[in-house]
Amino acid sequence: MAELGVVMNGVTGRMGYRQHLVRSVLAINAEGGVVLADGSKVRLRPVLVGRSEAKLKELAARHDVADYTTDLDAALADPANTIYFDAQITRARVEATKKAIAAGKHVYCEKPTAETSAEALELAATAETAGVKNGVVQDKLFLPGLLKLKRLIDGGFFGRVLSIRGEFGYWVFEGDWQAAQRPSWNYRAEDGGGIVLDMFPHWAYVLENLFGSVTSVYAHVTTHIPERWDERGQAYPATADDAAYAVFELDGGAVAQINSSWAVRVNRDELVEFQVDGTHGSAVAGLRNCRVQHRSATPKPVWNPDLPATARFRDDWQEVPDNAEFDNGFKVQWEQFVRHVADDAPFPYTLRSGARGVLLAELGLKSAAEGRRMAVTS
């Protein structure tokens, strides 16, 4: 069976470990590898890379991984390693990925691909000039809830889409009396933190792939929790934004309003939900579930604050069935990228598409700083 060496940089972090190493690469191997167009399979040989040899050694032993190193240059110099994957903190991504491109590796990166759109575009151009295959993680497109939403769009359920309202977030503990669920660098601007840089690239590709390209953004950005406690229990000033409230205009006329916050308590069914309203019907999609209300089944509410509501509005919505088996979204996209490398299969989620997400984050922050709507021109 064919084998591809995959240099995995940043696997000691939460996302790199859980979603990419365990639930993607190792899960693919447990199933026998990625099936190619001719029916053959290719397995992935992970090479774990990071700064802490002790952490890498422990992970390698836990999962019976043979190869690990703190020497990225040595891993890239090995001709048996074909793919470079980067899940480091954002500020370290560009330099390491450029090294991999210079070594002739195909590159696959977590988002955001860079801290600025100029760096992100330069990285994409570098990969294109070198002729290496390249991609960026756009995992939310493969969530069961959004796959159901895409099915509704493709089937013409909505008619003309009017608006999208998104709610994302949860309460991230400050770290003093309960440990925080996210790393402290997320809340330091000097380390590449901030919810805008983290989440606007997601909203860019979700909106672009489902509804239309973003043509403008207006955002209010803030830091609701000014002080947090790090992994050592030390207090530090939170210099990065932890909440953003944005309006996106889309090509075709639809308007999207999306709230993103790490300082909100959840009163919805899932941690992220999108309500889509169209002339013929509406839907509410989350991570896994999707509910719909067609215009023929839409009730006729009458505003009367003097009388209590006699019906639960949610009871008038219908669940969309699965109608398919849904695999882990990160794993599905890994399989697509491997087929892109091994079979030259199409892969639209390129570094250039990732750069558009970084640009949207950049324009969102500029909109908040200047208090005005920003046009998205590229």
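1. Start with the lining of the second largest pocket: its residues split into 6 nonpolar, 10 polar and 8 charged. This is a predicted model, by the way, so read everything here with that in mind. The pocket's volume comes out at about 440 Å³. Of the 24 lining residues, Arg 165, Gln 275, Val 284, Arg 291 and Trp 317 are the closest to the pocket centre. Two or more lining residues apiece come from β8 (161–169), β14 (272–278), β15 (281–285) and β16 (290–294). The largest share is from β14, with 5 residues.

2. Now for the enclosed space. How many cavities of 30 Å³ or more are there? The count is 2, and the largest cavity has a volume of about 50 Å³. Lining that largest cavity are Lys 111, Thr 113, Val 136, Val 137, Gln 138, Pro 201, Ala 204, Tyr 205, Ser 353, Gly 354 and Gly 357. By class, the lining divides into 5 nonpolar, 5 polar and 1 charged. Both α7 (195–210) and α9 supply at least two of the lining residues.

3. Lys 111 is worth a look of its own, since it turns up in the lining of the largest cavity. Lys 111 sits in the loop between β6 (106–109) and α5 (117–130). Is Lys 111 buried or exposed? Its relative accessibility is 10%, under the 20% cut-off, so Lys 111 counts as buried.

4. What does the side chain of Lys 111 reach at 2.7 Å? That partner is the backbone oxygen of Asp 198. There is also a polar contact, at 3.3 Å, between the side chains of Lys 111 and His 202. Leaving out residues up to four places away in sequence, Lys 111 touches Arg 93, Val 136, Val 137, Asp 198, Pro 201 and His 202. Val 136, Val 137 and Pro 201 also appear in the lining of the largest cavity.

5. While you're in that loop, check the backbone too. The peptide bond from Lys 111 to Pro 112 is cis, and its omega is near -10°. Pro 112, like Lys 111, belongs to the loop between β6 and α5.

6. Two Asp residues have positive phi despite not being glycine. For Asp 64, phi is near 55°; Asp 64 lies in the loop between α2 (53–63) and β4 (67–69). With a relative accessibility of 72%, Asp 64 counts as exposed. For Asp 344, phi is near 60°, and the residue is in the loop between α8 (329–343) and α9 (351–370). Asp 344 counts as exposed as well, at 56% relative accessibility.

7. On annotation: an unreviewed UniProt entry puts the feature "domain: Gfo/Idh/MocA-like oxidoreductase N-terminal" at residues 48–133. Over that stretch, 48–133, the chain is 48% helix and 17% strand, and the end C-alpha atoms are 21 Å apart. Lys 111, in the loop between β6 and α5, carries a number inside the annotated range of 48–133.

8. A second UniProt annotation, also from an unreviewed entry, is "domain: GFO/IDH/MocA-like oxidoreductase", which covers residues 147–283. Here the chain is 18% helix and 36% strand. The C-alpha atoms at the two ends of 147–283 are 13 Å apart.

9. Where is Arg 232? Look in the loop between β10 (227–229) and β11 (235–237). Arg 232 is exposed, with a relative accessible area of 70%. If you want a distance to check in your viewer, try Arg 232 to Glu 335: these two are 103 residues apart along the chain, and their C-alpha atoms are separated by 38 Å.

10. Ala 324 gives another pair to check. How far apart in space are Ala 324 and Lys 148, C-alpha to C-alpha? The separation is 9.6 Å, with their positions 176 residues apart in sequence. Ala 324 is found in the loop between β17 (318–319) and α8. At 41% relative accessible area, Ala 324 is partly exposed.

Technical notes. Residues numbered from 1 in each chain as written. Predicted model: local features only at pLDDT ≥ 70, side-chain atom pairs only at ≥ 80, totals over all residues. Heavy atoms only, no water. Helix = DSSP H or I, 4+ residues; strand = E, 2+ residues; numbered from the N terminus. Buried < 20%, exposed > 50% of the residue type's maximum accessible area, 1.4 Å probe, protein only. Polar contact = N/O pair within 3.5 Å; in protein donor to acceptor, adjacent residues only side chain to side chain. Contact = heavy atoms within 4.5 Å. UniProt positions renumbered as here; feature names shortened; annotations may be inferred. 1 Å grid on protein atoms, 1.4 Å probe; cavity = no way out; pocket = protein on both sides within 12 Å on 5 of 7 lines; lining within 4 Å. Points joined across faces, edges and corners; volume = space filled by probe spheres on them. Nonpolar A, V, L, I, M, F, W, Y, C, P; charged D, E, K, R; others polar.
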